[in-house]
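The exercises below concern the surroundings of a ligand, the empty spaces in a protein, and its unusual backbone geometry. Please work through each task with the structure open before reading the solution.

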Amino acid sequence: MKNGIINFGIICLLLCSIFVKAQKPIYLDVNQPIEKRIENALSLMTLEEKVQMCHAQSKFSSKGVPRLGIPEVWTDDGPHGIREEVFWDKWSGAGWTNDSCTAFPALTCLAASFNPQMALIYGKAIGEEARYRNKTVLLGPGVNIYRTPLNGRNFEYMGEDPYLSSRMVVPYIQGVQQNGVAVCVKHFALNNQEENRMSINVKVSDRALREIYLPAFKAAVEEGKAWSIMGSYNQFRGEHCCHNDLLLNKILKTEWKFDGVVISDWGGVHNTDQSANNGLDLEMGTSTNGLTTNGTSSYSEYYLADPFLKGLKSGKYNEQLLNDKVSRILRLIFRTTMSADRPFGKFVSPEHSEAALKIAEEGIVLLKNEKQFFPIPVGKYQKIAVIGENATRSLVIGGGSSSLKVAYEVSPLQGLIKKYGKDHIIYSQGYISGKSEYGKEFSSDANVDSLINSAVEIARNADVVLFIGGLNKNHFQDAEGSDRKTLDLPFGQNKLISALLNVNKNVAVILCSGNAVSMPWINKIPAIVQNWYLGSEAGNAITNVLSGDINPSGKLPFSFPKKLDDNAALSFGQLSYPGDGTNEEYKEGILVGYRWFDTKKIAPLFAFGHGLSYTSFEYSKPVTNKTKYGKEESVKLIFSIKNIGKVKGAEVAQIYISDNKSTVIRPLKELKAFKKMNIEANQSRQVEISLPVKEWGFFNDKTQNWEVESGKYTILIGSSSADIRQRVSVQVN
Ligand code: BGC
């Protein structure tokens, strides 16, 4: 009897547990495959609940389904640090006291490191900060190509070369997404200027699109496995990129098999039909104009809100369209917030400072260094004059959506004083730029001449002068929403530099900028350093390089033209840049950056890939495994680099390919590989690189295919695009 009761009890328990199991919705079971969870969640949602997931509910978030325990999606800028919390429906900071982040170097600096390992460290660290702040999506990285030196947002991107930006973006994404935070690769596509960014209609050949403007996005999707991508503001062939059939449906989702979410740029959506049909999944920021205007229509009036719902109910739009969008958003949620493996993140940790410092040190570029001006060891000089506003100005504030509220920022002046001692550093501002506010230009009523005079007095009696200037994050400088007006240094800096040179010949220029500038004084200045925007550790990084504790190893990710007209896009006149107000034609085609300078035989001021070291390197003769290759084979290239100087250093070997004879126009050379090597003084290291021949082709507009032509190719090995050290010829059949 007793046994019978026990048996009965056990059977009841078993049945109950089976029942409970059967009741547990599959989408909550983290052990189930994500696709099954999506299918299950979708089957439980009403039409209204699904539509609600496709548009914003606040400035930076979109709804989940509370009834089913599906969380909201929280996005946040940006590529260089985690932006402060803002009010629900405003751009302005909410005044939290626990959201001051680590600022990492701008992406131009990361690209200049030519070191994918740095991109991984970067992604991991910023991803941890995003996770700690409970963000689902980090709005970055940006990989728009550096087409002109006037683009106000170049500092947020990775330079002019599609191969370099592809190699750097992939590890960044992997680093971020390890944290259960999605990246949002932006701005897809052809958002290569800020002027008229909301509307300009870009016309570009298929060939330039495929060879120059898309590769980094493609790598981000196919290799980086990015979980979301941001449609850009501009139009391409008459359709806004946030709902552009060719870019989103055909290329991104069909060709590249992107399974993530297409998020609109804030205010980049313009109608319901196109956003329903042309590949957009999540609409953000409608009725806001970039960073200036707050919302004017309620969230239910968004194009993918009530108007979409109405169209779905009337049968105008197929529910399959909606299900595809929601599946993608659910997939993103299951990959991030609802993933059981999601780590917890870290915020402003010592490891993040270390990462920021290391990346900054590897990205700083020594452009010129005559008579060993640098390094300046501690104790070499009694009096070092530091002149220039950027020695003290915060360069993490301003610039638009990438502006940051930081836990700390070491300025160059602070870094220099810490290293050399306050008795050896004298500072004078020299010039003034005014405050930094989005979309506004301020002039200053300070007496410019008196600023120059004070700086000159200090320079006169100093052993050496470090001028720390450049651009900043003001309107019409390196800032979102506007392009620069000229290539020249702003705020009277050229006049100031000349005045300093009149009293002291030992003037070095340290440029903080994300863009090239003209240098009318270049022949008189013995040393020039490209210092980017380096974030929280800025002052420590530059001081370590100037003092010689760190040997510089950064290389330029874009060319510096001598004058504006030397730039390809600008040389074709207004329609080519900035457009006629409606349309813009990329008349230079594939000849962007060094591809243009090389092919047209125009000498740049500083070439792509240029960057000096405190030591020198010698390249040995390269050898290849064969001389003749089939199109599916790879060339195995072996050579060594010797550090022939007295200090250890790092060299970036750059491998370019040149098609000796082609039926179509080809650039003189194209970067196909690079490798950064740390080498001790007097030591050699061997470099082994595999070059797949199938990557040497061009995109044929007519056949819509990549084609590698048979014939002779030259493999060029260089220390920059203009400093080719070795060559080897191979035959492709
Ligand atoms: C920018 C994006 C940014 C978004 C949200 C837009 O104006 O173009 O890059 O992520 O605002 O701040």
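Helices, of at least four residues, and strands, of at least two, are DSSP runs that are numbered from the N terminus. The model is predicted.

**Exercise 1. Describe the shell around the ligand and the polar contacts that reach its oxygen atoms.**

Solution. Begin with the residues that have a heavy atom within 4 Å of the ligand: there are 17 of them, and the closest are Asp-77, Arg-153, His-187, Asp-265 and Glu-480. Sorted by class, this shell holds seven nonpolar, three polar and seven charged residues.

Next, apply the cut-off for a polar contact, a pair of N or O atoms within 3.5 Å. A polar side-chain atom of Asp-265 is 2.6 Å from an oxygen atom of the ligand, and for a polar side-chain atom of His-187 the distance to a ligand oxygen is 2.7 Å. In the side chain of Arg-197, an N or O atom lies 3.3 Å from an oxygen atom of the ligand. Of the 310 Å² of accessible area that the ligand has on its own, the protein covers 100%.

**Exercise 2. In which space does the ligand sit, and which residues line that space?**

Solution. Counting the cavities of 30 Å³ or more gives six, and the ligand sits in the largest cavity. The volume of this largest cavity is about 110 Å³. Its lining consists of 16 residues, and those nearest the centre are Asp-77, Asp-265, Trp-266, Ser-401 and Glu-480. Divided by class, the lining of the largest cavity comprises seven nonpolar, three polar and six charged residues.

**Exercise 3. Locate the largest pocket and identify the elements that contribute to its lining.**

Solution. The largest pocket has a volume of about 770 Å³. It is lined by 26 residues, with Arg-210, Pro-215, Lys-218, Glu-695 and Trp-706 closest to its centre. To place the lining in the fold, look for elements that supply at least two residues each: these include helix H6 (162-177), helix H7 (206-213) and helix H8 (215-222), together with strand S23 (670-679) and strand S26 (705-707). By class, 10 nonpolar, four polar and 12 charged residues make up the lining of the largest pocket.

**Exercise 4. Where does the backbone depart from the usual pattern, and in which loops do these sites lie?**

Solution. The starting point is that most residues other than glycine have a negative phi, and most peptide bonds are trans. Phe-188 and Ala-189 are joined by a cis peptide bond with omega about 0°, and Ala-189 belongs to the loop between strand S5 (185-188) and strand S6 (201-203). A cis peptide bond also joins Tyr-577 and Pro-578, where omega is about 5°; Pro-578 is in the loop between helix H18 (568-571) and strand S17 (583-585). Finally, Val-348, a residue other than glycine, has a positive phi near 45°, and its place is in the loop that runs between helix H12 (319-335) and helix H13 (350-363).

Methods: Residues numbered from 1 in each chain as written. Predicted model: local features only at pLDDT ≥ 70, side-chain atom pairs only at ≥ 80, totals over all residues. Heavy atoms only, no water. Polar contact = N/O pair within 3.5 Å; in protein donor to acceptor, adjacent residues only side chain to side chain. Areas by Shrake-Rupley, 256 points an atom, 1.4 Å probe, with all protein chains shown as cover. 1 Å grid on protein atoms, 1.4 Å probe; cavity = no way out; pocket = protein on both sides within 12 Å on 5 of 7 lines; lining within 4 Å. Sits in = over half its atoms within 2 Å of the grid points. Nonpolar A, V, L, I, M, F, W, Y, C, P; charged D, E, K, R; others polar. Points joined across faces, edges and corners; volume = space filled by probe spheres on them.
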